[in-house]
Amino acid sequence: MAYIVFLSAFIGIPAVFFVFLNVFLRKLGCELPNSLQAWPALPVLGVHVLLALLYTSPWDNYLVATRVWWYDPDLVLGITFGYVPLEEYLFFVGQTLLLGLAFLAAACLSAPPASPFRSRPELRLVFGGLTLGVWLWGTFLVGAGRLASTYLGLELAWGMFPLTIQVAFGADILWHYRRPVLWTLLPGTVLLSLADALAIHSGTWTIDPQQSLGLSLGGVLPVEEFVFFFLTTSMVVFGVTLMIARQSHERARWIPGRLRNPQ
């Protein structure tokens with residue numbers, strides 16, 4: 001399967017669906033809760049697209065350069081930037097937009113939180129500590145130099161760093177909006193993982209068996225790939241939630257008042 005076909009089928013079509021769904025919901029009068037309108041949603045999605053490109057590109061180029069994974073040159077357009085084909089960058093952009101749009105629709109459709117927001121420092125401490133521990137473990141795996149844990153260590157060291165910051169800052173905020181967060185996070189991870197399994201099966205790209213654990217889900221999807229999509233989906237969904245939630249802006253006193261209250 002050509003990479004551009006993969007993007008069209010599993011990223012482009014779902015993203016267009018959520019564009020129309022969001023427009024349709026707005027016409028029906030379905031709006032985001034006022035507490036999720038601290039910043040306009042579309043510029044926030046744009047910021048996340050830029051962050052995805054800036055944060056993921058160097059890491060992904062390193063993976064391809066060291067043959068942790070590789071793509072079939074006959075199944076891409078032949079335009080590369082660094083070691084990575086153009087389609088991979090389009091994937092960063094498309095996945096971010098798809099998940100962001102899906103979250104906005106889920107936030108519009110879900111019932112509002114049953115109780116008022118209550119700051120819970122203990123929740124931030126516990127989950128911040130857990131994610132920090134996983135990040136340290138991933139960093140240890142990278143430093144240990146064991147070939148089979150290369151991919152897992154690299155993705156945990158890369159992905160858990162921003163997630164640690166996010167949950168340490170706002171685990172209680174994310175819990176407050178857990179309905180749209182989970183409605184986006186869980187289906188998004190599953191959908192992207194299934195699409196990835198199909199791409200691997202069709203030879204669009206290949207994961208190096210020597211630099212991965214050799215464990216697979218359903219006999220097709222390397223466990224590291226599921227971890228990757230869980231990490232990236234979490235980063236996008238958590239990031240969008242925290243950036244548009246008024247509770248985040250009230251907590252972030254270092255943000256100038258004009259930016260905290262743009263409306």
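A cavity here is a set of grid points where a 1.4 Å probe fits but cannot get out, and its volume is the space filled by probe spheres set on those points. In this predicted model, two cavities come in at 30 Å³ or more. The second largest has a volume of about 60 Å³, while the largest reaches about 170 Å³.

Starting with the second largest cavity, the lining draws on several stretches of the chain. Pro33 contributes, as do Ala107, Ser110, Ala111, Pro112 and Pro113, and the rest of the wall is His176, Tyr177, Arg178, Arg179 and Pro180. Helix H6, residues 178–202, provides the largest share of this lining, with three residues. Sorted by class, the wall has seven nonpolar residues, two polar ones and two charged ones.

The largest cavity is lined by 15 residues. Those lying nearest its centre are Asp60, Trp69, Glu88, Glu225 and Phe228. At least two lining residues apiece come from helix H2 (41–65), helix H3 (86–109), strand E4 (205–207) and helix H7 (223–244). As for chemistry, the lining has eleven nonpolar and four charged residues, with no polar ones.

Away from the cavities, helix H1 (residues 3–27) is worth a look. With 25 residues at 1.5 Å each, H1 should span 36 Å, and its end C-alpha atoms sit 35 Å apart, so expectation and model agree. Even so, H1 bends by about 35° at glycine 12, and proline 14 follows within four residues. Just past the end of H1, glycine 29 adopts a positive phi of about 90°.

Which residues of H1 are buried? They are Tyr3, Phe6, Leu7, Ile11, Pro14, Ala15, Phe18, Leu21, Asn22 and Leu25. The spacing of such a list can be read against helix geometry: an α-helix has 3.6 residues a turn, so residues three or four places apart point the same way. The cover over the buried residues of H1 includes H3, H6 and E4. Two of these elements turn up in the cavity walls as well: H3 and E4 each supply at least two residues to the lining of the largest cavity.

One last position is threonine 139, which belongs to helix H4, residues 121–144. Threonine 139 has a relative accessible area of 34%; since the partly exposed class runs between 20% and 50%, this residue counts as partly exposed. Glutamate 155 lies 16 residues from threonine 139 in sequence, and the C-alpha to C-alpha distance between the two is 9.4 Å.

Key. Residues are numbered from 1 along each chain as its sequence is written. This is a predicted model: local features need pLDDT of at least 70, side-chain atom pairs count only at pLDDT 80 or more; totals for chains, interfaces and linings use all residues. Side-chain values use heavy atoms; hydrogens and water are left out. On a 1 Å grid over the protein atoms alone, a cavity is a set of points where a 1.4 Å probe fits but cannot get out, and a pocket is an open set with protein on both sides within 12 Å along at least five of seven lines; lining residues have an atom within 4 Å of a point. Ala, Val, Leu, Ile, Met, Phe, Trp, Tyr, Cys and Pro count as nonpolar, Asp, Glu, Lys and Arg as charged, and the others, Gly among them, as polar. The expected span of a helix is 1.5 Å times one less than its number of residues. The bend at a residue is the angle between axes fitted to the seven residues ending there and the seven starting there. Buried means under 20% relative accessible area, exposed over 50%, partly exposed in between (1.4 Å probe, protein chains only). Contact means heavy atoms within 4.5 Å.
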